[in-house]
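Trainee: I would like to go through the ligand site and the pocket of this model, one question at a time.
Mentor: Go ahead.

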Amino acid sequence: MSAIRFKTFNSTFTANQHNFDVIEIENGFCRAVIARQGAQILSFERKMNNAETDAVDSKSLLWCSELSLQQFLDDLKSDRKTKAIRGGIPLCFPWFGGHPTDAKLPAHGFARTQLWNLTSVDESAQGHQLLFTLENNSVTEAVWQHPFCLTLRISCGKQLRMALAIENKGDTAFDCEFAWHSYFPVNAIENARIDGLQGKKFLDQLTNQTYVQEHVQIIFDQETDRIYQDVDGHYLIQDERQQIKIDTNHCQSAIVWNPWIEKTKRLGDVDAQAWRDFVCLECANVREHRLHIEAGASAEFSMTIA
Ligand code: BG6
């Protein structure tokens with residue numbers, strides 16, 4: 001089974017590669033849904049053959065808030081301005097978190113709420129490859145005055161692979177931050193563990209204190225919001241049911257986030273109980289690892305999730 005479907009939720013146009021709200025992809029390895037807004041992959045289910053029953057099982061590698069998705073669809077149908085979707089892999093760029101000098105600017109930058117162009121779709125024996133681009137435009141220039149081009153290649157095969165290139169198309173160097181703000185599913189956050197950050201220093205964003213990760217595994221028993229630096233870029237998220245492996249290249253920061261009970265109530269786009277169902281492990285270059293890209297130069301990053 002192999003298919004790619006462009007969908008729109010606003011009936012005034014027929015969906016195609018240049019005009020769509022979401023793409024649904026299915027091939028022998030996986031099923032995926034990608035929103036044009038933010039070039040944001042919302043779900044990725046890996047197909048797995050069950051040797052005992054001969055049936056095809058699937059494993060979800062990403063989590064998405066149903067409430068946020070519903071709000072997004074309602075906004076699209078009513079021609080309202082859409083918000084960032086909470087789930088899958090939003091891309092934070094060109095800053096991470098609040099803007100450093102202007103609190104009125106959107107948290108995590110503009111890339112996750114911009115409409116990207118789908119430049120190409122290819123299918124091979126390895127699955128589907130999609131190439132999205134985002135260039136500076138009047139909206140981005142109003143808040144960040146740099147000519148740029150982001151190229152995001154999403155490969156949906158046995159694994160989910162993301163490759164990002166950030167190109168400086170201007171005449172002067174710029175600094176920027178980026179994060180793949182991935183939402184991963186867990187069976188229950190209290191039983192989830194993250195491996196791969198032992199010995200790394202982190203800024204606890206809740207206390208503004210810096211610590212070193214002593215234990216091999218990160219566990220969760222309260223709101224957690226940490227920026228780890230000088231990381232190795234290889235992680236394992238596991239609970240009693242499944243494990244998800246994340247491998248990156250050139251991402252020197254990692255953010256670990258779960259809003260827990262009280263913050264979830266303030267988010268407005270997540271069901272009250274949903275804090276138990278996900279953890280964010282964000283592969284990034286932020287704060288002291290922000291990027292400095294010379295005029296005409298590019299920087300490249302990748303992440304594989306399996
Ligand atoms: C994380 C930040 O990356 O994103 C948190 O570390 C923040 O501080 C979270 O609350 C969610 O951000 P947003 O803008 O998607 O609500």
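Trainee: How many Å separate a polar side-chain atom of Lys 263 from an oxygen atom of the ligand?
Mentor: The model is predicted. Lys 263 is among the residues that surround the ligand. A polar contact needs a pair of N or O atoms within 3.5 Å. The distance from the polar side-chain atom of Lys 263 to a ligand oxygen meets that cut-off, at 2.7 Å.

Trainee: Which residue has a side-chain N or O atom 2.9 Å from an oxygen atom of the ligand?
Mentor: Gln 205 has a polar side-chain atom at 3.1 Å from a ligand oxygen, which does not fit the value asked for. The residue with a side-chain N or O atom at 2.9 Å is Arg 86.

Trainee: What percentage of the area that the ligand exposes when taken alone does the protein bury?
Mentor: Taken alone, the ligand exposes 390 Å². The share of this area buried by the protein is 84%.

Trainee: How many residues of the shell around the ligand are charged?
Mentor: The shell includes Arg 86, Asp 225 and Glu 282. Four of its residues are nonpolar and three are polar. The charged residues number five.

Trainee: Which helix supplies the largest share of the lining of the largest pocket?
Mentor: That pocket has a volume of about 720 Å³ and is lined by 31 residues. Both α1 (66–77) and α2 (138–143) supply at least two of the lining residues. The largest share, three residues, comes from α1.

Key. Residues numbered from 1 in each chain as written. Predicted model: local features only at pLDDT ≥ 70, side-chain atom pairs only at ≥ 80, totals over all residues. Heavy atoms only, no water. 1 Å grid on protein atoms, 1.4 Å probe; cavity = no way out; pocket = protein on both sides within 12 Å on 5 of 7 lines; lining within 4 Å. Points joined across faces, edges and corners; volume = space filled by probe spheres on them. Helix = DSSP H or I, 4+ residues; strand = E, 2+ residues; numbered from the N terminus. Near = heavy atom within 4 Å. Polar contact = N/O pair within 3.5 Å; in protein donor to acceptor, adjacent residues only side chain to side chain. Areas by Shrake-Rupley, 256 points an atom, 1.4 Å probe, with all protein chains shown as cover. Nonpolar A, V, L, I, M, F, W, Y, C, P; charged D, E, K, R; others polar.
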